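Student: Hello! Could you help me learn to read the sheets and helices here?
Tutor: Gladly, let us take a look together.

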Amino acid sequence: MPDRSDVYETDVAIVGGGLGGVAAALAVCRSGRRAVLTEETDWLGGQLTSQAVPPDEHPWIEQFGATAAYRELREGIRAYYRRAYPLRPEAAASPTLNPGAGRVSKLCHEPRVAVAVIEEMLAPLRSAGLLTVLTEHRPVAVTMSGPRCESVTVRGRDGDDVVLRAPYVLDATETGELLTLGGVEHVTGAEARAEHDEPHAPDTAQPWNQQGITFCFAVSHHEGEDHTVERPATYDFWRSYRPGFWPGPLLGYLGPDPRTLEAHDRSFVPNPDNDPLDIDADQSADAGDKELWGFRRILARRLFSDGAFDSDICLVNWPMNDYWLKPVVAEDPATAAEALDEARQLSLSLLYWLQTEAPRPDGGTGFPGLKPRGDVTGTRDGLAKAAYVREARRIRAVTTVTEHDVSADLLAGAGPLVRKDSVGVGSYRLDLHPSTGGDNYIDVPSVPFEIPLGALLPVRVTNLLPAGKNLGTTHVSNGCFRLHPVEWNVGEVAGALAVHALATGTTPHEVHADQARFDHFAHRLDQLGVERHWPVVGAY
């Protein structure tokens, strides 16, 4: 571990080792520049790994709509399963292998596999001395000089501080921590409707109004065994909790359909005997959330040789363990800590309810054979290492993407908004989970979008760039920007932009303001395989 007085000088400091941070590190170091990448947990990968969320992606992901480096990650995950797991021959031969056959994604997989693939992608850069990785380090201070970030201090688990100094600093943290530490102009929660005239914005600004967070967890099921966990301390509260906008108790199969808000029953049948190869994950046709076991399944036992696994592995990221009573992005550390603790208790209470009280298809109650899989999530209790955070602080940007830029209804069939400063693409429904402001789901169709470079540029600060969910979106438009391939794209472009600015002696704002300079940078993105425009596709 570094000494208390350690100072790291590098070309680009990347704080936050989620998907955006990893993508940024690859972009920087594959160009021959040096980077330091820090991460608060001991796993790189963020929402894909330490938060245990299988990739949420658009329906065309196998054909187009992602960067070449993101495709490398996806194909690396498939290659890992083909190399290391006893797949059925027809599963191994499938070019679109989906190890979990989950309905939420065309590539549902175990978080540990993504950790291994990310480490493999970064390994040659670390061996070359281009990349330094500091896990279990969190940011605690930012030093600014006018519009420039001079340094970032991160603290290790041992209490020692490390000072990072670099010409460019990228904030790839899950909550936009550097924005508040450095006094970078930013927005938290929901903007007032008057600010951008967004139909789904509240009348007045609500900085405390943020999408709920989730402590995901993994389980397998072993009939005849008893893996019942200790009764959680706040189980009685969560067992009786009924939100005002919910058709029944939160811990129950009955809940609102996110898209229609109509009450719908969900089913839960562990280890079904259907052939996983028959499942086609396509959220544009079917959200897939009515059958809970298969919704986010991350290992489908019947894709593998007989007897290799005696159970599927199911990832529980369901409506019932979304937590929204307190905001986690809060200036008061005590409020954030309470939110995280209560979110953990909710997920443990859901697990206990499933084991002891959940209705069974045979008329009984409880599935005591549900085994929490800490070996899958890297924890003792089976919960993810970190909460799935859907909404971060967001920079006040040169360009703010609003609901008007992505809503299918507001664009009225006009198709994707073409950006002259496009640095990537993305697509997902405007998907906002119930919020700390008491809002129900907002889940409406959106059009595929282009990512404007202006959304990565703070209005004042010159060398601290967003590299994740903290770019210039709103509370509403973040609902379709927060997903895995878009976070990766933003991080990759932030890293490439820092490298380009260093190489050309320009600033990111100068690249954006001058068409010739932007065209030069865009040509580099094209060479890297960053798709910047969409073919003709529809909304969903």
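**Sheets and helix pairs**

Tutor: One open sheet has four strands in the order β14-β15-β11-β17, with antiparallel pairing. Strands (E, at least two residues) and helices (H or I, at least four) are DSSP runs numbered from the N terminus, and two strands pair if DSSP finds at least two bridges between them. This is a predicted model, in which local features need pLDDT of at least 70 and side-chain atom pairs count only at pLDDT 80 or more, while totals for chains, interfaces and linings use all residues. Residues are numbered from 1 along each chain as its sequence is written, and side-chain values use heavy atoms, leaving out hydrogens and water.

Student: Which strands stand at the edges of this sheet?

Tutor: They are β14 (297-299) and β17 (370-372); each has a single partner strand, so one side of each is left without a neighbour in the sheet. From one strand to the next, the twist averages 35 degrees. Strand β11 (residues 217-221) runs antiparallel to β17 and is joined to β17 by three bridges. In β17, Pro372 is the bridge partner of Val219.

Student: What is the order of the strands in the other open sheet?

Tutor: That order is β1-β7-β6-β5, and the pairing is mixed. Its edge strands, β1 (7-9) and β5 (137-145), each pair on one side only. Three bridges join β1 to β7 (residues 161-165), and these two strands run parallel. Here Glu9 has Arg165 in β7 as its bridge partner.

Student: How do I describe two packed helices?

Tutor: Two packed helices are described by the angle between their axes and the distance between the axes. Axes are lines fitted to C-alpha atoms, for helices over the stretch in contact, and angles run from 0 to 180 degrees between N-to-C directions. In this model, the axes of α2 (residues 68-84) and α4 (residues 111-127) come within 9 Å and cross at roughly 120 degrees. That makes α2 oblique to α4 (under 35 degrees is roughly parallel, over 145 roughly antiparallel, 65 to 115 roughly perpendicular, and the rest oblique).

Student: Which residues make that contact?

Tutor: Contact means heavy atoms within 4.5 Å. Among the residues making it are Leu73, Ile77 and Tyr80 of α2 and Val113, Val117 and Met121 of α4.

Student: How far apart are the axes of α1 and α14?

Tutor: The axes of α1 (residues 19-29) and α14 (residues 484-504) come within 7 Å, crossing at roughly 35 degrees. The contact includes Leu26 of α1 and Trp488 of α14.
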